Each structure stands twice: as structure tokens, then as C-alpha cells.
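Here is a short tour of one protein chain, written for someone who likes to check the coordinates along the way. Have the model open and follow along.

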Amino acid sequence: HITHHTSQQQQQLLLLQQQQHMPPASHPPPTASHGEGSTVVFRLFPRAEPGVSLQEALALRDRCNALVEEVCRGYVWNRQPLVFNASKAAAGEHSNAANTQSAAAGSSTAALYTVGGRMEVGDSIDDEWLAVYVLVQLTAADSALVASVHDEDGQFLLIEAAELLPRWLTPDVAEHRVYLQGGRLHIVPQPRSPADVGRAPAGAASLEQCLACMRPGAGLDTAAPAAVQAQLAK
């Protein structure tokens, strides 16, 4: 039930193109703080790519916000509503994707964009988990879509099932390894055998390394154990 606003999207396209000279940020710009409390940061990766074209980013943003409107209609947010935005992807995060898409477009300077945002939730656990529910629904509806979410405590999805997680998954190596895909929790593993060396990143890993493990054909089982899935579903 998504309504396409072509003329509005074209205006937004022109506006964002005019802003391409602005320095990119690794996350969407933060909003003003409303005091102490938690901030949820979320991000989407179509086809497990760290950046996509502006047109694709805008279309995904509109689809996400349409789902928020449908799922959260009538819900009173504690501090800020859940809103998805399109912003320029950070330089260095999308080198492989940029090369591929630029080659297809016959250009070496095509900018890539990401969809996500951040939301002040204060002390509202309900707001935090409703945002997670929306991300689960988005990824369940599109198996090629990968989502990440965290707050000041880090990977709070893992905290809920800490006793069921492998010992190697410490905060030092968890960054970039935890995702939602197909409506389920996924954890990019470390090498389990000599055959995994070169496929699964060891230790602290980059965003690009981990997203590569989430793509079809990577040959890695990233789905979290059933016990972890069940714990998070409670």
C-alpha cells in the first residue's frame, strides 16, 4: 500500500543532488538532544550493499516511512517518532559498490546513498522495540534487505540473549557483525575452520567485510541459533 509521489520525489532528488558537495557522515545527522536517555541508530542495506543510488535510496525511504505510518498509526512516541531518511554514504564505506555502480552508469564519480536515521527514545523501551519490530517487518518483506540497529549500549539485540551467544562475540568484535535479514537475527561469524579463512573476517571487522558475508553466495551460515531467535521473539 505504497503511494508514489513522483513530483515530490523529483524535487527531493534535485535538493539532495545540490547537497552532494557537503561532507558525508557515517550516520545520518544527529538531532538535538532532549536530555539524558537512549538514542537508537538504525540503517538499511539493500542487497547488503553499504550504498545505493539516490533514486533507490529515496524509493526505499518512502517505502519504510509508509510502513511506519501503517504499523505505528495512533502510537504516541515518547520523544521522537521513527523516521527514515536518505543521506550520502560515508566515503570509504562503499568503495566496491561505488566501483560496480559507477561502471554500470559509465561514470567514476557517482555518489551513493544510505537509508536510516536515529531516534531519541529517552527511557522508553517500548519505542526502542517498536523500531526493531518495524525493521523486522521490512526485512521479512524483502529478503535482500539487511538492517542494523544499536544504541548507546551497543548491540542491544545481543544483550537480550547474552547467555546464549558464543564467547568470542565480545563488544570489541561485535561492531558491524549483527544484522536483521529475512525477519531474523544474523551474526557474521569468525572463521570456524581453515576453509572459512578469507571468507569470514577475524577480530574487529569493517562494515564492507561483514556485509559481504550477508550476500547470496557468501557461503556462510550467519543466522543466529534458534535459541537466540526465540529469546528475542519473546
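The protein chain of this predicted model folds into 8 helices and 6 strands. Read from the N terminus, the elements follow the order α-β-α-β-α-β-α-β-α-α-β-β-α-α. Among contacts with a separation of 6 or more, 75% join residues 24 or more positions apart. Of the 234 residues, 44% count as buried. The chain exposes about 12,300 Å², and carbon and sulfur atoms supply 53% of that area.

**Confidence**

Before going into detail, it helps to know where the predictor is sure of itself. The average pLDDT of the protein chain is 82, and 76% of the residues score at least 70. Confidence is highest in α2, with a mean of 98, and lowest in helix α3 (residues 95-105), with a mean of 47. Two stretches deserve a flag. Residues 19-35 have a pLDDT below 50, and this stretch makes 33 contacts in the model beyond near neighbours in sequence. Residues 98-108 are also below 50, with 10 contacts counted in that way. Where pLDDT is low, the predicted coordinates should not be read in detail.

**Cores**

In soluble globular proteins, nonpolar side chains tend to be buried together. Here the largest nonpolar core has 44 residues, and those with the most contacts inside it are Leu44, Leu82, Phe84, Leu135, Leu138 and Leu185. A second, separate core has 13 residues, including Phe45, Ala48, Leu207 and Met214. Leu185 shows how a core residue is surrounded: leaving out residues up to four places away in sequence, its contacts include Leu157, Leu158, Val178, Tyr179, Leu180, Val228, Gln229 and Leu232.

**Two helices in numbers**

Both α2 and α4 can be set against the span expected at 1.5 Å a residue.

| Helix | Residues in helix | End-to-end C-alpha distance | Expected span |
|---|---|---|---|
| α2 | 18 residues | 26 Å | 26 Å |
| α4 | 17 residues | 25 Å | 24 Å |

In α2, the buried residues are Leu54, Ala57, Leu58, Leu60, Arg61, Cys64, Leu67 and Val68. In α4, they are Asp127, Glu128, Leu130, Ala131, Val132, Val134, Leu135, Val136, Leu138 and Thr139. Which elements do the buried residues of α4 pack against? They are β1 (38-46), α2, β3 (113-122), β4 (145-150), α5 and β5 (178-181).

**One side of α8**

Helix α8 (residues 226-233) buries Val228, Gln229 and Leu232. These three lie on the same side of α8 because they cover an arc of only 100° around the axis. An α-helix has 3.6 residues a turn, so residues three or four places apart point the same way. The face turned away from the buried side of α8 carries the exposed residues Ala226 and Ala233. Cover for the buried residues of α8 includes α4 (125-141), α5 (156-159) and β6 (184-187).

**A closer look at Phe156**

Phe156 is found in helix α5. Is Phe156 buried or exposed? Its relative accessible area is 4%, under the 20% cut-off, so Phe156 counts as buried. Setting aside residues up to four places away in sequence, Phe156 touches Glu128, Trp129, Val132, Val149, His150 and Asp151. One of these partners, Glu128, is 28 residues from Phe156 in sequence, and their C-alpha atoms are 9.8 Å apart. Glu128 is itself among the buried residues of α4.

Technical notes: Residues numbered from 1 in each chain as written. Predicted model: local features only at pLDDT ≥ 70, side-chain atom pairs only at ≥ 80, totals over all residues. Heavy atoms only, no water. Core = buried A, V, L, I, M, F, W, Y, C linked by side-chain atoms within 4.5 Å. Buried < 20%, exposed > 50% of the residue type's maximum accessible area, 1.4 Å probe, protein only. Contact = heavy atoms within 4.5 Å. Helix = DSSP H or I, 4+ residues; strand = E, 2+ residues; numbered from the N terminus. Expected span 1.5 Å × (residues − 1). Arc of directions from axis to C-beta. pLDDT = per-residue confidence, 0-100. Areas by Shrake-Rupley, 256 points an atom, 1.4 Å probe, with all protein chains shown as cover.
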